Amino acid sequence: MASAWVRVVGVVGGGQMGSGIAQLAAAAQLDVILADVDQQALQRGMRNITSSLSKFVKKQALSQEEADATVARVRTTTSLSDMRDVNVVIECVSENEALKKRIFGELDEILQPNAILASNTSSISITRLAAATQRPKQVIGMHFMNPPPIMKLVEIVRGMATDDNVFATVKCLAERFNKVVICSRDYPGFIVNRVLMPMINEGFFALLEGVGTPQDIDTAFPEAMGRDSVIMLASTPKRRDTIMDI
């Protein structure tokens, strides 16, 4: 197994994505360090993990003992320096390229030479993020869908310099998280958002032009293409309501 050497996973960002990914790693029997500059964000993240696991327990997909053990594997910190012995770090901060580059630059100086830097970015160039480090061969994209404990897909993105062994390790790691893996080249939007954004835009245009009601448009996509293959306009009600007010 290519990821067998991975024992400790670091996650930067304690929001919904970061806490969800931390949960996945801990559930895969890995020790996890969850980092955020905001202690309250970390507390919310841990509550998110506990709440998510409790739902699996209620559905009898997980025992209470397994849920408790998963939570116990997650340690929180407000200092990136605590990541020094982590094998793989998954960055999950907001989609701000400058912020991601700064975090990658700091981690590059802290981590061990063989550690891998992965970003959960949905659209920012992995090659550009890698250029902020002295280890571009060990930088890769690992794009989880929201919410990570539920959505099955992980989109892996190779930068121009990403090493084959790094790719194999991260792919294997995603599979240890029980995910379906797709692989994208480092192009704007990668695969998921490159296909998704035009479809969502066409849904809005159909609404603006009076082609169908919001309810009919929302119903059309999953019923025609499969419920697991489409992100619905219903998931963005605020934007839909704004268009309806125009």
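This text follows three helices, H1, H2 and H3, through a predicted model.

Start with the record. An unreviewed UniProt entry places the feature "domain: 3-hydroxyacyl-CoA dehydrogenase NAD binding" at residues 9–186. Over residues 9–186, helix makes up 41% of the chain and strand 21%. The C-alpha atoms at the two ends of this stretch lie 24 Å apart.

Now take the pair H1 and H2. Helix H1 covers residues 16–27, and helix H2 covers residues 39–58. Their axes are 9 Å apart and form an angle of about 55°. H1 and H2 are therefore oblique to each other. Their crossing is right-handed. On the H1 side, the contact uses Ser19, Ala22 and Gln23. H2 answers with Gly45, Asn48, Ile49, Ser52, Leu53 and Phe56. By class, this contact of H1 with H2 holds four nonpolar and five polar residues, with no charged ones.

Next comes H3, at residues 64–72. H2 and H3 pack with their axes 9 Å apart, at an angle of about 160°. An angle over 145 degrees counts as roughly antiparallel, so H2 and H3 are roughly antiparallel to each other. The crossing of H2 and H3 is right-handed. From H2, the residues in contact are Met46, Ile49, Thr50, Leu53 and Val57. From H3, they are Gln64, Ala67, Thr70 and Val71. The contact of H2 with H3 divides into six nonpolar and three polar residues, again with no charged ones.

Finally, look along H2. Ile49 and Leu53 meet H1, and Ile49 and Leu53 also meet H3.

Definitions and conventions
Residues numbered from 1 in each chain as written. Predicted model: local features only at pLDDT ≥ 70, side-chain atom pairs only at ≥ 80, totals over all residues. Heavy atoms only, no water. Axes fitted to C-alpha atoms, helices over the stretch in contact; angles between N-to-C directions. Helix = DSSP H or I, 4+ residues; strand = E, 2+ residues; numbered from the N terminus. Parallel < 35°, antiparallel > 145°, perpendicular 65-115°, else oblique. Left-handed = near helix turned anticlockwise from the far one by under 90°. Contact = heavy atoms within 4.5 Å. Nonpolar A, V, L, I, M, F, W, Y, C, P; charged D, E, K, R; others polar. UniProt positions renumbered as here; feature names shortened; annotations may be inferred.
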